[in-house]
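Student: I have a structure to go through today. Could we look at it together, one topic at a time?

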Amino acid sequence: MRRTAAALVTINRVPFRCQVCQSELFYDREVKLNTTGAELFDLGWANQSATGLVCARCGYVHLFLNNAIELWKPESGYPQP
């Protein structure tokens with residue numbers, strides 16, 4: 001799901017905007033959700049991951065644990081209902 005270009009995002013097919021600046025463009029990346037116990041025993045690699053949506057305008061990172069995220073090419077726009 002990693003993209004190099006900024007993308008439009010829907011969550012359960014609802015257009016998503018940055019909660020800070022209201023931008024519609026995001027970069028996605030995997031984010032590890034580290035726990036103290038796993039890090040203490042050098043098991044950080046086993047921690048759960050989330051999808052981070054990084055706002056292309058302000059850089060705020062929104063975290064999601066489910067698969068409801070869909071990325072769309074800006075030139076194609078959002079899907080039709």
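Student: Is Arg-17 buried, partly exposed or exposed?

Tutor: This is a predicted model. In this model Arg-17 is partly exposed, because its relative accessible area is 38%, and partly exposed lies between the limits of 20% and 50%.

Student: With which residue does Arg-17 form a salt bridge?

Tutor: The partner of Arg-17 is Glu-24, and their closest N and O atoms are 3.0 Å apart. Glu-24 is partly exposed, with a relative accessible area of 29%.

Student: How many salt bridges does the count come to?

Tutor: The count comes to 2 salt bridges. One of them joins the side chains of Glu-70 and Arg-13, with an N to O distance of 2.7 Å. This pair links distant parts of the chain, since its residues are 57 residues apart. Glu-70 belongs to strand S6, residues 69-72, whereas Arg-13 is in the loop between strand S1 (8-11) and strand S2 (14-15).

Student: And what is the relative accessibility of Glu-70?

Tutor: Glu-70 has 25% relative accessibility and therefore counts as partly exposed. Arg-13 is partly exposed as well, at a relative accessible area of 47%.

Student: New topic, then. Which residues make up the largest nonpolar core?

Tutor: That core has 12 residues, among them Val-9, Ile-11, Phe-16, Phe-64, Ala-68 and Ile-69. Strands S1, S4 (49-55) and S6 each supply at least two residues of this core.

Student: Why would such residues be found together?

Tutor: As a general tendency in soluble globular proteins, nonpolar side chains are buried together.

Student: What does Ile-11 touch, leaving out residues up to four places away in sequence?

Tutor: On that basis, Ile-11 touches Phe-16, Phe-64, Ala-68 and Ile-69. These four residues belong to the largest nonpolar core, as does Ile-11.

Student: Now the sheet. In what order do the strands of the open sheet come?

Tutor: The open sheet has 3 strands in the order S3-S4-S5, and the pairing is antiparallel. Strands S3 (26-32) and S5 (61-64) stand at the edges, each with a single partner strand, so one side of each has no neighbour in the sheet. From one strand to the next, the twist averages 30°.

Student: How many bridges join S4 to S5?

Tutor: There are 4 bridges between S4 and S5, and the two strands run antiparallel.

Student: Which residue in S5 is the bridge partner of Val-54?

Tutor: The bridge partner of Val-54 in S5 is Val-61.

Note on methods. Residues numbered from 1 in each chain as written. Predicted model: local features only at pLDDT ≥ 70, side-chain atom pairs only at ≥ 80, totals over all residues. Heavy atoms only, no water. Salt bridge = Lys/Arg side-chain N within 4 Å of Asp/Glu carboxyl O. Buried < 20%, exposed > 50% of the residue type's maximum accessible area, 1.4 Å probe, protein only. Core = buried A, V, L, I, M, F, W, Y, C linked by side-chain atoms within 4.5 Å. Contact = heavy atoms within 4.5 Å. Pairing = 2+ DSSP bridges. Axes fitted to C-alpha atoms, helices over the stretch in contact; angles between N-to-C directions.
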